[in-house]
Amino acid sequence: MARMKFLCDAERCIECNGCVTACKNENEVPWGVNRRRVVTLNDGVPGERSISVACMHCSDAPCMAVCPVDCFYKTEDGVVLHDKDLCIGCGYCFYACPFGAPQFPQAGAFGLRGKMDKCTFCAGGPEKDSTAEEFKKYGSNRLAMGKLPACAEMCSTKALLGGDGDVIADIYRARVFKRGKGSEVWGWGTAYGKPPQGQPAQGGKT
Amino acid sequence: MRLQLLATAVGFAAALALGGGAAHAQQPPASDATAQVERQQAQPGNNAPLWRDVRSGQPGYTTVRGVETGVLVESRGQTYREARVPVAFWGGILVAVALAGLALFYLVRGPMDVKEAGGGRMIRRFSNADRYAHWLMAITWVVLAVTGLIMSFGKDVLLPVIGYTLFAWLAVLSKNLHNFAGPILIVAVPWMFIQYIRDNGIGAEDFKWFANIFGYFRGHEYPSHRFNAGEKLVFWLILVILTTILVVTGLILNFPNLGQTRATMQNANLIHMIASYVAIALAAVHIYLGTIGVTGAYRAMRDGHVTETWAEHHHRRWYEDVRAGKARQKFAEPGEAAGGAGSAAARTQTS
């Protein structure tokens with residue numbers, strides 16, 4: 001089975017926010033919820049780099065570990081999903097997540113949290129695939145249609161890659177060989193762990 | 001409607017006040033950018049300074065509004081996750097040991113009764129204000145403790161038994177009860193403090209009372225004033241220290257719209273957990289002694305009255321002061337405790 005991962009190539013990302021727009025359009029996310037965002041470091045000065053970040057679908061997901069109602073689950077593709085019928089909106093997943101992925105629509109005054117919403121890798125939720133209920137709660141289920149996440153598909157410079165980890169790592173490796181620089185696989189060390197000792201590293205992991 | 005408007009206005013004002021600070025924090029400092037520029041000239045393609053900034057949680061620029069949206073990696077979440085496991089484990093053990101210990105003590109020792117029951121005159125131990133403050137605190141506190149325990153350990157204890165659907169319903173009910181009951185303590189804690197501080201001063205006698213703690217459980221009490229050292233411990237440790245900590249950390253967690261960072265909420269959550277487990281274990285002893293553990297104690301908080309014998313046995317110094325007219329508490333007027341007195345005396349005899 002494929003192990004789905006995201007990879008953002010900092011040498012290619014031009015901060016167009018196309019991925020953010022694609023995500024919002026595809027999933028019709030509630031107001032105030034941003035499943036994906038683009039962050040620019042050293043904005044406006046030489047050496048500026050931009051990175052698109054969303055839920056990385058971690059191997060050992062911290063959100064899953066701290067959830068008090070056990071609403072997270074992992075699909076056989078390695079996608080971390082959650083069940084909004086179980087979620088109580090406590091915010092613990094948001095405290096634990098290194099990427100700031102969990103989002104909470106405001107459910108009342110004083111910032112009362114509603115049910116958590118996050119990137120689903122365009123894989124929907126626990127409802128039956130591609131149903132209206134699934135779309136209403138989790139957005140599009142492109143994986144069930146045999147497609148990849150809308151953000152990565154939409155990326156104009158192909159900086160954001162989404163798909164089987166081995167495939168996108170190969171694409172990225174070919175790029176690094178060709179250009180001879182920019183080998184950092186952003187977020188992979190945090191999300192998927194360090195590679196086992198003795199194996200050739202796939203570039204520096206940050 | 002007016003309340004809702006007010007609430008929105010307060011939230012909006014707070015968001016404005018704190019939003020300014022958050023926007024300012026998103027400007028990357030020039031020094032890190034300089035390091036990256038220098039490195040790029042010396043070694044093209046080496047982005048090490050940039051990635052160091054990312055790892056350190058240095059915020060960048062993003063169009064998404066909100067707190068810390070410019071931070072790419074928040075590494076402290078991992079520490080929070082690692083700390084939660086042992087805190088919850090040992091906290092659970094502490095609460096379970098306290099409850100099991102009390103159950104065992106009740107089975108072995110039974111309720112601590114006054115030997116020469118029956119009574120004499122009634123003494124008004126708690127004023128109405130004393131009792132209202134305590135009941136407001138007691139009901140709110142127990143609701144918070146029970147809902148807190150459900151959210152803390154339900155995943156390991158209840159979920160395997162009652163299943164996902166029922167547990168999710170119970171958990172969301174717990175979360176909402178917890179969130180709405182919590183702020184009541186903003187009123188209840190100061191009120192309790194004002195109502196009870198006068199007789200909770202600590203002196204050398206209190207240490208002697210603790211030295212005789214085993215005698216207390218055998219029925220030979222070291223003479224105490226209106227509150228014994230155990231009750232004073234409850235006042236100072238549970239109310240003044242732990243519950244105040246719980247209120248402060250709880251409010252940080254309850255109002256995520258005030259612009260606090262994730263690090264603040266992680267720390268608040270861990271402190272909230274530790275303080276609550278210790279407080280629940282101690283409060284369990286307090287509740288036990290106030291209800292089934294000591295005959296007549298529950299009556300004192302329910303009606304405000306205790307029998308003369310009860311007072312002499314459990315709070316001898318206070319009883320002597322009441323008799324001498326030196327205490328603020330007086331003997332009940334004839335007929336004042338008519339509803340409670342007879343039944344209280346009867347209860348003392350039968351239970």
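Which hand does the crossing of H5(B) and H8(B) have, left-handed or right-handed? I took this up first, keeping in mind that the model is predicted.

**Helix pair in chain B**

I looked up the axes of helix H5 (residues 128–157) and helix H8 (residues 185–196), both of chain B, and found that they come within 9 Å and cross at roughly 140°. Angles over 145 degrees would count as roughly antiparallel, so I entered H5(B) and H8(B) as oblique to each other. The crossing of H5(B) and H8(B) is left-handed, which settles the opening question.

I then went through the residues that meet between the two helices: on the H5(B) side they include Ala129(B), Tyr132(B), Leu136(B), Met137(B) and Leu144(B), and on the H8(B) side Leu185(B), Val189(B), Trp191(B) and Met192(B) are among them. Sorted by class, the contact of H5(B) with H8(B) holds twelve nonpolar, three polar and two charged residues.

**Chain B against chain A**

Turning to the interface, I noted that 50 residues of chain B are in contact with 52 residues of chain A. The area buried between the two chains is about 4,600 Å², and carbon and sulfur atoms give 61% of that area. Within chain B, I recorded Trp51(B), Leu72(B) and Arg81(B) as the residues that lose the most area to chain A, together 17% of what that side buries.

How many salt bridges are counted between chain B and chain A? I found a count of one; Arg81(B), already entered for the area it loses to chain A, meets the side chain of Asp60(A) in a salt bridge, with an N to O distance of 2.8 Å.

Conventions: Residues numbered from 1 in each chain as written. Chains lettered and ligands numbered in written order. Predicted model: local features only at pLDDT ≥ 70, side-chain atom pairs only at ≥ 80, totals over all residues. Heavy atoms only, no water. Axes fitted to C-alpha atoms, helices over the stretch in contact; angles between N-to-C directions. Helix = DSSP H or I, 4+ residues; strand = E, 2+ residues; numbered from the N terminus. Parallel < 35°, antiparallel > 145°, perpendicular 65-115°, else oblique. Left-handed = near helix turned anticlockwise from the far one by under 90°. Contact = heavy atoms within 4.5 Å. Nonpolar A, V, L, I, M, F, W, Y, C, P; charged D, E, K, R; others polar. Buried area = accessible area lost by both parts, 1.4 Å probe. Salt bridge = Lys/Arg side-chain N within 4 Å of Asp/Glu carboxyl O.
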